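Here's a quick tour of one protein model, written for someone who would rather look at residues than at statistics. Keep the structure open as you read.

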Amino acid sequence: LVSTVGVGVIAAGVAKAGADIILISGHAGGTGASPWSSIKNAGMPWEVGLAEAHRMLVTCGLRDRVRLRVDGGFRTGRDVVIAALLGADEFSFGTVPLITLGCVMARVCHQNTCPTGVATQDPERRAKFAGRPEHVMAYFWMVAHEVREILAAMGYRRLRDLIGRTDLLEALDDSVDWEAVLRPAVSPSAVPAVPRVWSFALNDQIVRDAIHSLMEGRPARGIYRIRNIDRTVGARLAGEIARRYHEVGLPERTITLMFIGEAGQSFGAFAHRGMQLILIGAANDGVGKGLSGGEIIIRPPHDLRDPSPVLIGNAALYGATGGWLFVAGRAGDRFAVRNSGAWAVVEGVGDHGCEYMTGGGVVILGPVGENLGAGMTGGVAYVLDERGELERRYNPQLVRIDPVESPTEMAFLQSILERHLQLTESPRARALLERWPEAQVCFRRVLPKGLAGPYLPLSEVFATDSFELPSTEILSRITVLR
């Protein structure tokens, strides 16, 4: 794991997943085989990531499950002792052992022209290699000897007695705030109990409310406040629907839930048939991940004046197999990555849109980032290319760009815009419909090479029930709920 702020949460996750060793890699170090982009300005000092990972594992009661290893430019026994004090069990050395074998850091490892014969298959250059195992052994003996000297000076006999003892470290530079590195780890028993007010609490509530309504034989409806600490909202309910009703799911919009606020990661993940999730606000990464037939509607608050807001993060619809996503704003990178059956309407996407897509479709009513359609082997994307920039931003390896001339496709796009406007009250959709004959000629179809034409879910679009969002007055009073 790259040393950076927040690596402790990731370390706890991989520990729960069964990792035996977690390696925290700092920004320094690296051999000549690494490109400069992987050496310079990549990550943070290993001290920052190691201290956070150790502290988080201890707090979560997971420290005894794994061994922490660290690397990033280790050279001396002093480095080893400091790493142990910050929580490391193991220590990786790379650059200096190579130097003991004769490496001069020429940084031509990938060119097969190493001047000292360390990293080459050229017989003439390999003949220059003068390194011997004894050189590396002598270096590590010196490192170990320095560690023993430091331990003796501190009054300890074994290195393992120092692991995690940040109280034995002292900051000598007052110009830097070292509190985040030197703060001691706190065991779970010492952490005061706090009410569970986030994470799965909202999921628990909506499952109880929805199942209670369904058991009484009536549709489930609800309005909830949501915060960015509420993650994967809707996933647990989708699991309950799949367990009770299997793949068939429920009739359309049997469950309609509205959320007000900012959703955490993976909002609407795995939403099943019969689920309709409406978010008035914005969402983090992973919206609609694994969407399985549900419908997700995301629109900005009524008082937001930005005509084209960014409403969702990266990797929306990752691995989705069915359903609909309507976003009255822009999305981040990798929109609809690995989508295999869901349809979406969005008003702009970042880089790598429709990456590895194999089915379904996307209607993009705004600008796109670089590399659109990379690895796309199925499905279709309709892009409103008013500025003529699509030719410079798509990936021509597997996809092609065609004009949209079919009357069926034109009617489909108009119907999509009408539905988008109906569900989200999108100013963008309204403006396009008002000048539809002019706007329709700006659409371009992005389709994998070799495919004759896209599958269009016409029956689902044209047979849409009427839908109306609550009024502004009602929405302004929802803050008192939940």
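## A walk through the model

Start with H54, which sits in helix α3 (residues 46-59); helices here are DSSP runs of H or I with at least four residues, strands are E runs of at least two, and both are numbered from the N terminus. This is a predicted model, where local features need pLDDT of at least 70, side-chain atom pairs count only at pLDDT 80 or more, and totals for chains, interfaces and linings use all residues. Residues are numbered from 1 along each chain as its sequence is written, and side-chain values use heavy atoms, with hydrogens and water left out.

H54 is buried, at 9% relative accessible area. Buried means under 20%, exposed means over 50%, and partly exposed is in between (1.4 Å probe, protein chains only). Leaving aside residues up to four places away in sequence, H54 touches R63, L68, L86, G87, G164 and A185, a contact being heavy atoms within 4.5 Å.

**The chain as a whole.** There are 16 helices and 13 strands in the chain. Of its 482 residues, 45% are buried. Among contacts with a separation of 6 or more, 54% join residues 24 or more positions apart. The accessible surface adds up to about 23,900 Å², and carbon and sulfur atoms account for 53% of that; the areas come from the Shrake-Rupley method with a 1.4 Å probe, and for residues only the protein chains shown count as cover.

**A328 and its neighbours.** A328 is in the loop between β8 (322-327) and β9 (340-346), and it is buried, with a relative accessible area of 6%. What does A328 touch, not counting residues up to four places away in sequence? The list is I298, R299, P300, P309, L311, E347, H420, T424 and S426. The C-alpha atoms of A328 and L421 are 8.6 Å apart, although 93 residues separate the two along the chain.

**Two helices that cross.** L421 also turns up where α12 meets α13: Q414, L417, E418, H420 and L421 in α12 meet A429, R430, L432 and L433 in α13. The axes of α12 (residues 407-424) and α13 (residues 427-434) come within 8 Å and cross at roughly 140°. Axes are lines fitted to C-alpha atoms, for helices over the stretch in contact, and angles run from 0 to 180 degrees between N-to-C directions. The two helices are therefore oblique to each other; under 35 degrees would be roughly parallel, over 145 roughly antiparallel, 65 to 115 roughly perpendicular, and the rest is oblique.

**Two loop residues with positive phi.** Most residues other than glycine have a negative phi. Here are two that have a positive one.

| Residue | Phi | Loop | Relative accessible area |
|---|---|---|---|
| F270 | near 65° | between β5 (255-263) and β6 (275-283) | 44%, partly exposed |
| C354 | near 60° | between β9 and β10 (358-364) | 1%, buried |

**Cysteines without partners.** How many disulfides does a search of the whole structure find? The count is zero, a disulfide being a pair of cysteine sulfur atoms within 2.5 Å. Why is C109 not bonded to C103? The sulfur of C109 has its closest cysteine sulfur in C103, at 6.3 Å, which is too far for a bond. For C114 the closest cysteine sulfur is in C109, again 6.3 Å away and too far for a bond. C109 is partly exposed at 29% relative accessible area, while C114 is buried at 10%.
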